[in-house]
Amino acid sequence: MKLASLKGGRDGRLVVVSNDLAWFTEATHIARTLQAALDNWDLAEPELRGLAESLEHNSVPRDRFREHDAASPLPRAYQWADGSAYVNHVALVRQARGAEMPESFWTDPLMYQGGSDGFLGPRDPIPLADESWGCDLEAEVAVVTGDVAQGASREEALAAVRLVMLCNDVSLRNLIPNELAKGFGFFQSKPASAFSPVAVTPDALANWQDGKLQGKLEVELNGRMLGEADAGEDMTFDFGTLIAHAARTRSLGAGTIIGSGTVSNRGPDGGPGKPVDQGGVGYSCLAELRTVETINDGKPATSFLKPGDVVRIEMKDARRHTVFGAIEQEVRQA
């Protein structure tokens, strides 16, 4: 089942989308918003599934689904916590700023709490007030949970996954070092993120396996392939582990979004990997590419995002059909 929120009001309006993303039908008679559906999932889910089946059989009123009309599935959320499940990414970005990586990072997930009072739509521009801030994209996988009890096990946490989607976790790289030096984490360096046009239930994803989404996450910058890393490979912490980590000392409310962190694959030799044009799988953010350029050439050659740049993030199935729709955003001067 695929769900989306069409733009309108703070929380959008809930629709069910066909498997091929061509059509939608209104779901507001079941729940006005996705958050309302998540709050009453046991009652709403069967009705939404019935509506989804009717949509596939063309037995309910339908309209063309246009990704530009979609907000992020949850236009705002009670909680957005982003992990760093791909430790290869953590190692590279820490190397870029000359920071050592503790051995515990391989056994204890990193996680920060981001701003969730408003997300960008999947086709909304990325506002950038100052190019010197070092604006970067971060292509990720994210899940939306139901209620999760404090102290939940990995298995209990994984059972609470309601929906899966893609994410562009925008980062302002040049603001990060000074923020972290204060010892109090990210804030200004993490502006609004964007999520894919649709969110998909795990059972509808053939490549959802044991808390990981398998498959290439395609990342383009200005029409050129930046990365096609496999989201299921080199994922040190699966989503069950990430959710359980978040719930260790608190309960999580329905509608909590948990991110995977930037998808990142090591090279065949265990190193940082190569760009796509050199036969590698490339990178899901510019910080990794700049780090590899520095390792190889002594300095980065690629600039961070600037006004006019266009980012595209998408995952396709075995038949090259889009699964979640595309996040496609132009950077614009704020």
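This note walks through the cavity, a pocket, a sheet and the salt bridges of a predicted model.

1. **The cavity.** The count comes to one cavity of 30 Å³ or more. The largest cavity holds about 30 Å³ of space. Its lining is made up of S5, D11, T33, L34, Q35, P73, L74, P75 and R76. By class, four of these are nonpolar, three polar and two charged.

2. **A salt bridge at the cavity lining.** D11 and R76 both belong to the lining of the largest cavity. Their side chains also meet in a salt bridge, at 2.8 Å from N to O. D11 sits in the loop between β1 (2–6) and β2 (13–17), and R76 sits in the loop between β5 (70–71) and β6 (80–83), so the bridge ties together parts 65 residues apart in sequence. D11 is partly exposed, with a relative accessible area of 25%. R76 is partly exposed as well, at 33%.

3. **The second largest pocket.** This pocket encloses about 450 Å³ of space. Its lining counts 21 residues, and those closest to its centre are M225, L226, D277, L289 and T302. Two elements give two or more residues to the lining: β18 (224–230) and α7 (286–297). Helix α7 supplies the largest share, with five residues. By class, the lining has 11 nonpolar, five polar and five charged residues.

4. **The sheet that contains β18.** Strand β18 lines the pocket and also belongs to an open sheet of five strands. The order is β8-β21-β20-β17-β18, and the pairing is mixed. Why do β8 and β18 each have one side without a neighbour in the sheet? Both stand at the edges: β8 (126–128) and β18 each have a single partner strand, so one side of each is left free of a sheet neighbour. On average, neighbouring strands are turned by 20° against each other, direction ignored.

5. **The β17–β18 pair.** Strands of a sheet pair through backbone hydrogen bonds, either parallel or antiparallel. Which sense applies to β17 and β18? Strand β17 (residues 216–221) pairs with β18 in the antiparallel sense, over six bridges. To find the register on screen, start from L217, whose bridge partner in β18 is A229.

6. **Salt bridges overall.** The structure holds 19 salt bridges. Some share partners, and these join D136, E138, D169, R173 and K190 into one network.

7. **D203 and R49.** These side chains meet in a salt bridge, at 2.7 Å from N to O. The pair links distant parts of the chain, 154 residues apart. D203 lies in the loop between β14 (199–200) and β15 (208–209), while R49 lies in helix α2 (residues 41–56). Is D203 buried or exposed? D203 is exposed, with a relative accessible area of 54%. R49 is partly exposed, at 29%.

8. **D210 and R154.** D210 forms a salt bridge with R154, and the closest N and O atoms are 2.9 Å apart. D210 lies in the loop between β15 and β16 (212–213), and R154 lies in helix α4 (residues 154–159), so the pair ties together parts 56 residues apart in sequence. D210 counts as exposed, because its relative accessibility of 57% is over the 50% cut-off. R154 is partly exposed, with a relative accessible area of 23%.

Conventions:
Residues numbered from 1 in each chain as written. Predicted model: local features only at pLDDT ≥ 70, side-chain atom pairs only at ≥ 80, totals over all residues. Heavy atoms only, no water. 1 Å grid on protein atoms, 1.4 Å probe; cavity = no way out; pocket = protein on both sides within 12 Å on 5 of 7 lines; lining within 4 Å. Points joined across faces, edges and corners; volume = space filled by probe spheres on them. Nonpolar A, V, L, I, M, F, W, Y, C, P; charged D, E, K, R; others polar. Helix = DSSP H or I, 4+ residues; strand = E, 2+ residues; numbered from the N terminus. Pairing = 2+ DSSP bridges. Axes fitted to C-alpha atoms, helices over the stretch in contact; angles between N-to-C directions. Salt bridge = Lys/Arg side-chain N within 4 Å of Asp/Glu carboxyl O. Buried < 20%, exposed > 50% of the residue type's maximum accessible area, 1.4 Å probe, protein only.
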